[in-house]
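Biologist: I'd like to learn how to read a protein model. Could you walk me through one?

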Amino acid sequence: MDTPVEPTDTGVPAPGPREVQFELRTAPKLWPFLGAGVVAAALVALVVAWFSHESNVAAAAANGEAVEFTFGALLGFFFVIFAIVGAAVGALAFLLVDRLGRKQARTVTVVAEPVTDTEDPQEA
């Protein structure tokens, strides 16, 4: 639905209202998904490091040897490994949610009207 174009003071025709179509959808944010994956990985790393350290201490005590790795070293190692996996899982979850959002997108039509400035530019 286009209306006729009206000429302006400069002789250049001003655009009239026109219909424009937009795709309306929700888009998730990436960082919360990656953060949730890393937090979940930290919890898994904590549990795995705890049980690995306990079994390490028990094995060292049974053999009469010193503990080879501290709890902090195990936690750091497992956190680095699991954080990479957790971030990848978070990124996959982001892609799935984004794909669902694209499938549920809808097209809307709006009327775009030109904005005319009525103020004198020399007054500003």
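Modeller: Let's take this model step by step, starting with how far to trust it and ending with some side chains.

Biologist: Okay, what should I know before I look at any details?

Modeller: That this is a predicted model, so begin with confidence. The idea is simple: where pLDDT is low, the predicted coordinates should not be read in detail. Here the chain averages a pLDDT of 85, and 83% of the residues score at least 70.

Biologist: Where in the chain is confidence lowest, and where is it highest?

Modeller: Lowest in strand β1, residues 6-7, with a mean of 54. Helix α2 is the highest, at 95.

Biologist: How many helices and strands does the chain have?

Modeller: Two helices and four strands. Follow the sequence and you get the pattern β-β-β-α-α-β. Helix α1 covers residues 30-63, and helix α2 covers residues 71-103.

Biologist: And what does the chain look like as a whole?

Modeller: Try a few overall numbers. The chain has 124 residues, and 14% of them count as buried. Its accessible surface is about 9900 Å², with 64% of that belonging to carbon and sulfur atoms. Then look at contacts: among those with a separation of 6 or more, 73% are between residues 24 or more positions apart.

Biologist: Now some side chains, please. How do I read a salt bridge?

Modeller: Start from the general idea: side chains of opposite charge can pair when their charged atoms come close. The count in this model comes to two salt bridges. In one of them, the side chains of D98 and R25 meet, at 3.0 Å from N to O. That pair links distant parts of the chain, since D98 is in helix α2 while R25 is in the loop between β3 and α1, 73 residues apart.

Biologist: Which residue does D98 bridge to with its closest N and O atoms 3.5 Å apart?

Modeller: R102. This time both residues lie in helix α2, four residues apart, which is about one turn of the helix. Salt bridges that share partners join R25, D98 and R102 into one network.

Biologist: Is D98 buried or exposed?

Modeller: Buried. The cut-off is under 20% relative accessible area, and D98 has 13%, so it counts as buried. Its partners come out as partly exposed: R25 has 28% relative accessibility, and R102 has 48%. Leaving out residues up to four places away in sequence, D98 touches R25 and P28.

Biologist: Next, aromatic rings. What should I check?

Modeller: Check how far apart the ring centres are and how the planes are angled. There are four aromatic pairs in the structure. Take W50 and F71: their ring centres are 6.0 Å apart and their planes are at 80°, so the pair is edge-to-face. This pair also links distant parts of the chain, with W50 in helix α1 and F71 in helix α2, 21 residues apart.

Biologist: Are W50 and F71 buried or exposed?

Modeller: Neither, really. W50 is partly exposed at 46% relative accessibility, and F71 is partly exposed too, at 25%. Another pair to look at is F77 with F78: the centres are 5.5 Å apart and the planes are at 65°, so this pair is edge-to-face. F77, F78 and F82 make up one aromatic cluster.

Biologist: Tell me about F78. Which residues is it in contact with, leaving aside neighbours within four places in sequence?

Modeller: A45, V48, A49 and S52. F78 itself sits in helix α2, and at 17% relative accessibility it counts as buried. You can check a backbone distance as well: the C-alpha atoms of F78 and V47 are separated by 9.7 Å, though these residues are 31 apart along the chain.

Biologist: And the outside? Which residues make a nonpolar surface patch?

Modeller: F77, F79, V80, I81 and I84 make one of about 470 Å². Take V80 as an example: this residue is found in helix α2, and at 47% relative accessibility V80 counts as partly exposed.

Biologist: Let me try a recap. D98 is buried and bridges to R25 and R102, while F78 is buried and belongs to an aromatic cluster with F77 and F82.

Modeller: Yes, and keep in mind that you are reading a predicted model.

How values were computed:
Residues are numbered from 1 along each chain as its sequence is written. Side-chain values use heavy atoms; hydrogens and water are left out. Buried means under 20% relative accessible area, exposed over 50%, partly exposed in between (1.4 Å probe, protein chains only). Contact means heavy atoms within 4.5 Å. Rings of Phe, Tyr and Trp (its six-membered ring) pair if their centres lie within 6.5 Å; planes under 30 degrees apart count as stacked, over 60 as edge-to-face and the rest as tilted. Patches are made of residues with over 30% relative accessible area and no salt bridge: like charges are joined within 9 Å, nonpolar side chains (Val, Leu, Ile, Met, Phe, Trp, Tyr) within 5 Å. Accessible areas come from the Shrake-Rupley method with a 1.4 Å probe; for residues, only the protein chains shown count as cover. A salt bridge is a side-chain nitrogen of Lys or Arg within 4 Å of a carboxyl oxygen of Asp or Glu. pLDDT is the predictor's confidence in each residue, from 0 to 100.
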